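Colleague: Please give me a close reading of the interior of this model, beginning with the cysteines and working outwards to the elements that pack around the core. I would rather have one connected account than a list.

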Amino acid sequence: MDINAQFMSKKMSPSIPIRENMLILDPQTKNVGISGGETTTWDIPTAGGANGSYIDMNSSYLELTYLPKAGTDDKRVRLPTGGVHSLFDTIDVESSNFVVEHTDNWARLHQVLADVNDKDTDRMGVPATATGLAGERVATFTQDGSTKLVADGSVKSVLPSRKGQTIESNTETNAIRFCIPIPSQQMNTGSHLPIWAISKLRYSIKFVEALNGVVGDEADGTGFTIDEPRLHLCYLEMSNKSRDVISSKAGLSRSHPLWETHKANTVANVGSQSFRFPSHKSSVKTLMATFHDPSASGSGTADVDAVSRCKNGLKSFQFRLNGTYYPQNEVLCDKGGVQGLLELQRAFHKVKGNSGQISTDNWNSADTKKAGSTFVIATNTETNTGRSNASFAGTSTLQEAPLLLCKFEAATGTELSTKVGPAEALLYVQYDSANTIKDGVWRVDA
């Protein structure tokens, strides 16, 4: 008997020889002068051309340069509240023309989840909801005070405020280079992506419209451009035998929750309104809704932020799925909104924890355009069962789409802060997805 065997831990997994290859990938589309509303696409090297078996998503990231534009050189502009994530409108992932992910309204969804999950001193993202969606910018140029960027090119981690970062005029020296986790729900659900098993994989980002990606301090923001967006992908190269060992243990099938977004509109001066979630899924976990002043989108007015939310005069709400009401009683939003805020905490299993950056003060804020309001309502269909973390333990909506029932405080005008007006409603659905990779194609069922 080998004497070393007596000292070998039987619980230790065998070490697998791995070589790391960092690939810097430019987009297939143009890589300079990308304007708001345009789409940038990358064809990710896969089984046929990738020098590796897996992509380590924990070590991969997106790099880009943000150039805000002001109308005149002596004016100041800044990023919207959500930081660099405010620049992303839609994230798409395709595998051999099959839709793997289509996340619409990324900027607003990211801001909601960041508000719910993050503390003011920890904006790096919390994976409790969806890793990558609550991710904040990793690094940016330093600032001298609060007005202009230091031009020495130094980089350090920062804690962005809700107001974003002020940038002096629109010169090249004031461009900010960001390195952030790759924005995607699907690409970030696991630590290692089995790229060897996928034939074709395409990743796309559609940027927000020009005025939605910049906030002017003096009503002078005119848009932004993006230069040199690059994916830094960490490929792990190993032998086929090692790869097969990992695949036999981990498999090529997994399930995890995803978010999708739908749009609706409130009607001014109508007290009772309902909103249908056009979502038919096998397992719905969480339903969420926000209201937005339409005049905060595409505006060049001073301090107007496109990710702003508003309460819109909501008095009470209740969700209905398959004839069952969630929760059983109407949730009141008056008297400080404590019931509504507590239901939000229940939806994210945080009654005994904290509510992130949301407080009764900013949840009830009358601000509708300057991103001062954190208003959001939500419910979880499995709050009382203790099964929310189990795959496909949610409520089926295959037969009947969910419904949001609202009672508003009617008005004679369009006072969105205290009365119901013609606001845009965003309806969010968190559901379980089943992912399989077979014959080189990544398919998703829900």
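Modeller: Cys310 is a good place to begin, since it is buried, with a relative accessible area of 1%. Everything I describe belongs to a predicted model. A search of the whole structure finds zero disulfides, and Cys406 is accordingly in none, with the nearest cysteine sulfur, that of Cys333, lying 8.2 Å away. Because its relative accessible area is 3%, Cys406 counts as buried.

For the chain as a whole, buried residues make up 52% of the 446 residues, and the secondary structure comes to four helices and 27 strands. Among contacts between residues at least 6 apart in sequence, 77% join residues at least 24 apart.

The largest nonpolar core has 42 residues, and those that touch the most other members are Met288, Leu314, Phe317, Phe348 and Leu404. Strand 26 gives this core its largest share, six residues. A second, separate core holds 40 residues, including Ile34, Val84, Val93 and Leu231. Returning to Met288, and leaving out residues up to four places away in sequence, one finds that it touches Leu109, Val112 and Leu113, together with Trp259, Phe277 and Phe348, then Val376, Ile377 and Ala378, and finally Leu426, Leu427 and Tyr428.

Three of those partners, Leu109, Val112 and Leu113, are among the buried residues of helix 1, and that helix deserves a closer look. Twelve of its twelve residues are buried, and the list takes in polar and charged side chains such as Arg108, His110, Gln111, Asp115 and Asn117 as well as Trp106 and Val116. The cover over these residues includes strand 7, strand 8, strand 19 (253-265), strand 21, helix 3 and strand 26 (424-438). The geometry of helix 1 also fits expectation, because at 1.5 Å a residue its twelve residues should span 16 Å, and its end C-alpha atoms are 16 Å apart.

Helix 3, one of the elements covering helix 1, runs over residues 338-347, and its buried residues are Gly340, Leu341, Glu343, Leu344, Gln345 and Ala347. These pack in turn against helix 1 (106-117) and helix 4 (360-363), and also against strand 21 (284-292), strand 22 (314-321), strand 23 (324-332) and strand 24 (377-380). After helix 3 comes His349, whose phi is positive, near 55 degrees.

Strand 24 is covered on both faces, with Ile377 and Thr379 buried on one side and Ala378 and Asn380 buried on the other. Ile377 and Ala378 have already appeared as residues that Met288 touches. Strand 24 pairs with strand 21 in the antiparallel sense over four bridges, and Asn380 is the bridge partner of Thr286.

Strands 7 and 8, which also belong to the cover of helix 1, lead to a further sheet. It is open, with four antiparallel strands in the order 3-16-7-8. Strand 3 (39-43) and strand 8 (98-104) each have a single partner strand, so one side of each is left without a neighbour in the sheet. Ignoring direction, neighbouring strands of this sheet are turned by 10 degrees against each other on average. Strand 3 is joined to strand 16 (residues 202-207) by five bridges, and the two run antiparallel. Within that pairing, Thr40 has Ile205 of strand 16 as its bridge partner.

Two hydroxyl-bearing residues complete the picture. Ser86 sits in the loop between strand 6 (76-78) and strand 7 (88-95), yet at 2% relative accessibility it counts as buried, because the cut-off lies at 20%. Beyond its neighbours within four places in sequence, Ser86 is in contact with Pro80, Thr81, Ala107, Val208, Asn212 and Val307. Of these, Ala107 is one of the buried residues of helix 1. Thr65, by contrast, is found in a strand, namely strand 5 (residues 61-70). With 9% relative accessibility it too counts as buried. Again setting aside neighbours within four places in sequence, the contacts of Thr65 are Ala175, Ile176 and Arg177, along with Thr225, Ile226, Asp227 and Glu228.

Definitions and conventions. Residues numbered from 1 in each chain as written. Predicted model: local features only at pLDDT ≥ 70, side-chain atom pairs only at ≥ 80, totals over all residues. Heavy atoms only, no water. Disulfide = S-S within 2.5 Å. Buried < 20%, exposed > 50% of the residue type's maximum accessible area, 1.4 Å probe, protein only. Contact = heavy atoms within 4.5 Å. Pairing = 2+ DSSP bridges. Axes fitted to C-alpha atoms, helices over the stretch in contact; angles between N-to-C directions. Expected span 1.5 Å × (residues − 1). Core = buried A, V, L, I, M, F, W, Y, C linked by side-chain atoms within 4.5 Å.
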